[in-house]
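Visitor: Before we start, I would like to hear how each label on this model is justified.

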Amino acid sequence: MMKLYDLELSGNCFKVRLFAALANIDLDIIPVDFLGGEHKSEKMLALNPFGELPVFEHNDVVLRDAQAILVYLARFHELESWLPSNAAEMADVQQWLSTASNEVQHGPNASRLVDKFGYELHKPTTIANSERILALLEDHLQHNDWLALARPTIADCAVMPYVALAPEGGVSLADYPAINKWIARIKALPGFNGMPGIAK
């Protein structure tokens, strides 16, 4: 069984749960007591020395990054529609995975970390980063229903969670109609299952 060591409030963990739900992949979800420091326990640090969640375990494979887990799940199950093996199409998806771990991570996610979890980050910078990536996403989604390949891919699963959770970091989505329609399209996909802050 594929195991996901999980925190319900984590957008990164939700990326994996979301894709698994949409692609009908069975995961053994193992809740981790984050507030109690379980992610820093000897057992968890042996799996992920970075002391972060999610952590994914399947036989001898252990992964500590949400985007990497998405890639593994898609390729292991040979889900070409979600992550094609064609070089150009795979790269198209991959560039959005990088956006999720860079611009979205340092924008909407960082802003939420300040407001919801009390992280000591420079809030004006997180807001500026958020506004920049949301403007870029809005422009892209005004002309495209999906981030890559004109269909749902793991790119959408990687980018959407922290964008949809942006209001929890004081970043309004009111001025981004294309983004809101894209989030609604993802929620309408068969199998969609939300998280706190992202209801169906």
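Guide: What follows is a short conversation about two helices and the terms applied to them.

Guide: This is a predicted model, in which local features need pLDDT of at least 70 and side-chain atom pairs count only at pLDDT 80 or more, while totals for chains, interfaces and linings use all residues. Residues are numbered from 1 along each chain as its sequence is written, and side-chain values use heavy atoms, with hydrogens and water left out.

Visitor: Why is Gln67 called buried?

Guide: Buried means under 20% relative accessible area (1.4 Å probe, protein chains only); Gln67 has 8%, and is therefore called buried.

Visitor: What is Gln67 in contact with, leaving aside its neighbours within four places in sequence?

Guide: With contact taken as heavy atoms within 4.5 Å, the partners of Gln67 include Asn12, Lys15, Leu97 and Ala158.

Visitor: What caps the N-terminal end of H3?

Guide: The cap is Asp65, a side-chain oxygen of which lies 3.0 Å from the backbone nitrogen of Gln67; a polar contact is a pair of N or O atoms within 3.5 Å, one able to donate a hydrogen and the other to accept it, so the distance of 3.0 Å satisfies that cut-off.

Visitor: How do you know that H4 falls short of a straight helix?

Guide: The expected span is 1.5 Å times one less than the number of residues; for the 31 residues of H4 a straight helix would reach 45 Å, but the end C-alpha atoms are only 39 Å apart.

Visitor: Where in H4 does a kink lie?

Guide: A kink of about 60° lies at Gln105, shortly before the proline Pro108, the bend being the angle between axes fitted to the seven residues ending at a residue and the seven starting there.

How values were computed. Helix = DSSP H or I, 4+ residues; strand = E, 2+ residues; numbered from the N terminus. Buried < 20%, exposed > 50% of the residue type's maximum accessible area, 1.4 Å probe, protein only.
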